[in-house]
Amino acid sequence: MNKRTFSALLVASALATLGGCTTQPANDTNDTQVTQQQAQSFKQATDAFIEDLWQESPSWALYEGYHKYAHILPIPDEAGRQSTLAFVEKQRARFAPFNVDSLNPNERTDYYLIKNQLDSIEWSIKKFKSHQWMPSNYNVAGGFSRIFNGDYDTLDNRLRSALKRLENVPAYYQAAIKNITVPTLEHTTLGITQNKGALSVFGESLNKQIAESGLSTEEKSQFEARLVSARDAINGYVKHLETLKTTLEKNGNARSFRIGSDLYEQKFALNIQSEYSAKQMYDKAMADKNNVLRKMAKLADQLWPKYFKNHSRPKDDNVAISELIKKISVRHVKRDDFVEEIRQQIPALEAFVKEKDLISIDPEKPLVVRATPEYMRGFAGASVSAPGPYDKKANTYYNVTPLDNMNDEQAESYLREYNHWMLQILNIHEAIPGHYTQLVYANESPSLIKAILGNGAMVEGWAVYTEIMMLEEGYGDFEKEMWLMYYKWNLRVIANTILDYSIHNLDWNKDQVLDLLMNQVFQEKAEAEGKWRRATLSQVQLTSYYSGYREIYDFREELKRKSGENFDLKQFHETFLSYGSSPVKYIKQLMRK
Ligand code: ZN
Ligand code: ZN
């Protein structure tokens, strides 16, 4: 235990005594003092928690830009799990003295995020037990590549911490092999592919870095020896998994990748942190799917004569909608104009938000639209990169991948997907008033806890919510084509929730998933195949977009009903975002007060 942790514990216990005073009549001076002391000790407690968290999870720390523990590679054996559980208990004790009701909203949401994180860690070890069945969990490449490619320190210093870190690689994979007692076929296959890929991190370019470094001859030869052992360990692990895979296939006794209803509900509660259960959210998605399809059928009635003069609308709604979408999608930008078109749309979105008074956006740190840097180009698409919690001064980028690596056919298909209308919805989601705007607000109530443990369903839910909010407020002039495209886009989010739930709870197979995506909600085959694969490897994550969106939208409607004519949309948006990336559940509690 370090000194800092120790003192934080002392302060926290002192606070518990003080905290009792607040319920008794006290004069203002005392109140202020107590609040200040409490704020100070809460800050100390969260700082100490984060420091312990990074020591406990050095690889995660590297991803957040914290490098103090770069030299540590924890061994995932039973002793390691026991020490993780001890970490959980230590942190619980640290926060136990705080009276949640007396914390301010910012602190309170931090408190809940920490509590939830600790519950998740414990649940993962004791109940979920993915260490026994997810061979793809084990891979040392990520952390090492952060060290080798980072520019946070001199090459020599980074190599020295990597040298220490390498020492545990053989023990790491030995523990992994021992842990895997009931693997799924899907995660075994993924583990093989990804660990083969891991070898590239320890390849030629690293040898070159070592040769060019200022490490001593002794250090260099030690490095060489440890690299040989590390490569052997990775190869040994891959070989073990390949043998395992053959046996599993032969005997047909692999564990199912479906986690079943109990674990699914628990994981949903911990990850999404919603007021709804997974089942309730699934029911909402099913109802939404039918609502949206009904609206699309109506739009098809209205749009059909405009696009098809010579043949009449097919009776089957889905056939009609599908033909119409194909026809309308041919309106799109030229491939070479893709990035520029997005760049030009941002000011237009900003102007609309301002004109309609939907939310104010502090232009202090403008969004920089750029072509996605080469090293980030895994797949075509668009994304927003926010500065990490330890690098707040950096720019916020809107990365747009140019279509350079596509042949004509691929580019045409991609441009039809991101056609004239869809591209605008994408920009609402990624930029204004979606992810970028949310980020600007989150930065205004700076909380390291929310930057690290922020709720994904709230972040994605907000971006999805803004799509329909903008259209409801008249963005796109209520053009029917815009709404049709929006509904197609929205159906994908709805379908993700339906299929993820159905696969893990209702035993859906691949054919059922493809039928839903391709025949019922107008998605392409490649998209559908990819989605099936993703759902066999993950659980709950696919529901986060819809869950966050549904909960935000329902909450807004609830407030609208309560306040009637007094409801102020702008105020709702600004208050909602003022709590940072907290779970919607807690934002609701705070706003209802
Ligand atoms: Zn075209
Ligand atoms: Zn998003």
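**Figure 1. The loop that holds D507 in the predicted model.** D507 lies in the loop between α22 and α23 (510-520), in a model that is predicted. Although D507 is not a glycine, its phi is positive, at about 60 degrees. With a relative accessible area of 56%, D507 is exposed, because the cut-off for that class is over 50%.

**Figure 2. The loop that holds D477.** A second aspartate with a positive phi, D477, is found in the loop between α21 and α22, and its phi is near 55 degrees, again in a residue other than glycine. D477 counts as exposed, at 70% relative accessibility.

**Figure 3. The contact of helices α14 and α22.** Helix α14 (residues 278-307) and helix α22 (residues 480-506) have axes that come within 8 Å and cross at roughly 150 degrees. Because angles over 145 degrees count as roughly antiparallel, α14 and α22 are therefore described as roughly antiparallel to each other. The residues of this contact between α14 and α22 divide into 19 nonpolar, 4 polar and 8 charged, and the crossing itself is left-handed.

**Figure 4. The site of the zinc ion (ligand 2).** The protein donors here are H429 (NE2), H435 (NE2) and two OE atoms of E460, lying 2.1 to 2.8 Å from the zinc ion (ligand 2). Along the chain, these donors follow the spacing H-x5-H-x24-E. H429 in helix α18 (residues 420-430) and E460 in helix α21 (residues 456-472) are 31 residues apart, and the pair links distant parts of the chain. The angles among the 4 donor atoms run from 51 to 152 degrees, and the site is irregular. H429 counts as buried at 6% relative accessibility, and E460, with a relative accessible area of 17%, is buried as well, since the limit for buried is under 20%.

**Figure 5. The cis peptide bond before P433.** The peptide bond that runs from I432 to P433 is cis, with omega near 0 degrees. P433 itself is found in the loop between α18 and α19 (435-444).

**Figure 6. The site of the zinc ion (ligand 1).** For the zinc ion (ligand 1), the protein donors are H332 (NE2) and two OE atoms of E412, at 2.1 to 2.5 Å from the ion. H332 lies in the loop between α15 (317-328) and α16 (338-355), whereas E412 lies in helix α17 (residues 408-417), so the pair ties together parts that are 80 residues apart in sequence. H332 is partly exposed, with a relative accessible area of 24%, and E412, at 29% relative accessibility, also counts as partly exposed.

Note on methods. Residues numbered from 1 in each chain as written. Chains lettered and ligands numbered in written order. Predicted model: local features only at pLDDT ≥ 70, side-chain atom pairs only at ≥ 80, totals over all residues. Heavy atoms only, no water. Donors = N, O, S within 2.8 Å, 3.2 Å for Na, K, Ca; no water. Tetrahedral: all angles 85-135°; square planar, octahedral: opposite > 155°, others 65-115°. Helix = DSSP H or I, 4+ residues; strand = E, 2+ residues; numbered from the N terminus. Buried < 20%, exposed > 50% of the residue type's maximum accessible area, 1.4 Å probe, protein only. Axes fitted to C-alpha atoms, helices over the stretch in contact; angles between N-to-C directions. Parallel < 35°, antiparallel > 145°, perpendicular 65-115°, else oblique. Left-handed = near helix turned anticlockwise from the far one by under 90°. Nonpolar A, V, L, I, M, F, W, Y, C, P; charged D, E, K, R; others polar.
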